[in-house]
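Grab a pencil and work through these exercises with the picture open beside you. Each one sets a task, then walks through a solution.

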Amino acid sequence: MGQQMWALATAQLDGKPTACLVRDENLYPLASLAAEAGITLPTTVAGLFEDWTANERLLQRLGNTTVTPFAVNEAELKAPLLYPGKILCAGANYYDHMAEMGFPGTTKESQRLFFFMKPPRNAVVGPGPTVLMPRGTKAFDWEVELAVVIGRTARHVSPEDALGHVAGYTVALDLSARDFNRAPEQFYKLDWVAGKANDTCCPLGPWIVPASTFPDPQKARLRLSVNGELKQDGDAGQMIFSVAEQISRASEIMTLDPGDVLLTGTPAGVGVPKQTFLKVGDRIDAEIGGIGLLSVTIAGEA
């Protein structure tokens, strides 16, 4: 397997979620690879991030193998990180998205980076027919985002040092009930929990690529289609606050722990400016160059 590109996934194999190494469209169970190599590795993807520096070195040592792989396209992929720690999401962080939301000419100096949170256990799902539209919403919207997985504890880190705390990157969807989000009659105007923290509304996947193979997140290309129609096509160079600046700022607010996830904002092309929203049965295909394609379909909540 040598120095080929690799990623980390969680797949349902033999009836249970199984941490896997991804190479050449194949899944190799980590436990089998570790046993063959005579090394000890955690049995979950989350466990790898608890000592990412050491575990990444071990993963990079895994060479040619006789372990029988599973084909990616024949396996049921779960969210690569089944149980993240915290999920922080940057709001309104792309210039072109700000413009489509009615704020053209936005400058960085006029903005303050802010975050909201999603509940990790109930919001995170993987690819497939996994998303339940929140009951009662009539404005269910899409956002493709580059997601950062923390691999080293970060507290009061500088932007210059921030990327050194990243283990890897994956594709995320920030799905929003826009009508639940609005509270114009209240002094606070926006209800972030009601609009953003719904069950199944943070798909992640299809896998996590290590930061060592994805050196410049600001060059990431993000695309999203609904039922085959391209809606978003942008790049992370449109971010108002870079990935490094986001990690730095978040680490001033709270300690970032290994296994925490940051969603870093979305480019233009969301549904709300045109009042075009998702419905039950819709398929979303979200892709980030250098990472992969995350596809989900929308079901109705019982």
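## Exercise 1: Cysteines

The count of disulfides in this predicted model is zero. Your task: find out how far Cys89 and Cys201 are from the nearest cysteine sulfur, starting with Cys89.

*Solution.*
- Step 1. Start from Cys89: its nearest cysteine sulfur belongs to Cys202 and sits 5.8 Å away. A disulfide needs the two sulfur atoms within 2.5 Å, so Cys89 has no such partner.
- Step 2. Go on to Cys201. Here, too, Cys202 supplies the nearest cysteine sulfur, at 8.9 Å, and Cys201 is in no disulfide.
- Step 3. Look at the surroundings. The relative accessible area of Cys201 is 0%, so this residue counts as buried. Cys89 is buried with a value of 0%.

## Exercise 2: Around Cys89

Take strand S6 and work out what stands opposite Cys89 in strand S7 and in strand S19.

*Solution.*
- Step 1. Sort the side chains of S6. Ile87 and Cys89 point one way, Leu88 and Ala90 point the other way, and all of them are buried.
- Step 2. Look towards S7. The two strands run antiparallel and share four bridges, with Phe116 opposite Cys89.
- Step 3. Now look towards S19. This pairing is parallel, over three bridges, and Leu263 is the residue opposite Cys89.
- Step 4. Place Cys89 in a core. Together with Leu33, Leu81 and Ile87, Cys89 is included in a second, separate nonpolar core of 34 residues.

## Exercise 3: An enclosed strand

How many residues of strand S11 are buried? Once you have that, find the strands that pair with S11.

*Solution.*
- Step 1. Count: seven of the seven residues are buried, so S11 is largely enclosed by the rest of the structure.
- Step 2. Split them by direction. On one side you get Val144, Leu146, Val148 and Ile150; Glu145, Ala147 and Val149 point the other way.
- Step 3. Find a pairing. S11 and S12 are antiparallel, with seven bridges, and Leu146 faces Val171 across them.
- Step 4. Find another. S19 also runs antiparallel to S11, joined by three bridges; here Ala147 stands opposite Leu263.
- Step 5. Bring in a helix. In H9 (residues 243–253), the buried residues are Val243, Ala244, Gln246, Ile247, Ser248, Ala250 and Ser251. They pack against several elements, among them S11 (144–150), S12 (166–173), S19 (261–263) and S6 (87–90).

## Exercise 4: The largest core

Which residues touch the most other members of the largest nonpolar core?

*Solution.*
- Step 1. The core has 59 residues, and those with the most contacts to other members are Tyr169, Leu173, Leu175, Ile247, Leu278 and Ile284.
- Step 2. Zoom in on Tyr169. Leaving out residues up to four places away in sequence, Tyr169 touches Leu146, Ala147 and Val148, and also residues including Trp207, Phe214 and Ile291.

## Exercise 5: Two buried polar side chains

Find a polar contact for the side chain of Thr10, then one for the side chain of Asp141.

*Solution.*
- Step 1. Locate Thr10 in strand S1 (residues 7–13). With a relative accessible area of 5%, Thr10 is buried.
- Step 2. A polar atom of the Thr10 side chain lies 2.8 Å from the backbone oxygen of Pro80. Other residues touched by Thr10 include Pro17, Val45 and Leu82.
- Step 3. Locate Asp141 in strand S10 (residues 140–141). Its relative accessible area is 0%, so Asp141 is buried.
- Step 4. The Asp141 side chain makes a polar contact of 2.8 Å with the side chain of Arg178. Among the other residues touched by Asp141 are Asp174, Val270 and Phe277.

## Exercise 6: A five-stranded sheet

What is the order of the five strands in the open sheet, and which are the edge strands?

*Solution.*
- Step 1. Read across: S9-S21-S20-S17-S18, with mixed pairing.
- Step 2. Pick out the edges. S9 (128–133) and S18 (229–235) each pair on one side only.
- Step 3. Check the twist. Neighbouring strands are turned by 25° against each other on average, direction ignored.
- Step 4. Follow one pairing: S17 (residues 221–226) and S20 (residues 283–288) are antiparallel over five bridges, where Arg223 has Glu287 as its bridge partner in S20.

Notes: Residues are numbered from 1 along each chain as its sequence is written. This is a predicted model: local features need pLDDT of at least 70, side-chain atom pairs count only at pLDDT 80 or more; totals for chains, interfaces and linings use all residues. Side-chain values use heavy atoms; hydrogens and water are left out. Two strands pair if DSSP finds at least two bridges between them. Axes are lines fitted to C-alpha atoms, for helices over the stretch in contact, and angles run from 0 to 180 degrees between N-to-C directions. Buried means under 20% relative accessible area, exposed over 50%, partly exposed in between (1.4 Å probe, protein chains only). Contact means heavy atoms within 4.5 Å. A nonpolar core is a set of buried Ala, Val, Leu, Ile, Met, Phe, Trp, Tyr and Cys residues joined through side-chain atoms within 4.5 Å. A polar contact is a pair of N or O atoms within 3.5 Å; within protein, one must be able to donate a hydrogen and the other to accept it, and residues adjacent in sequence count only if both atoms are side-chain atoms.
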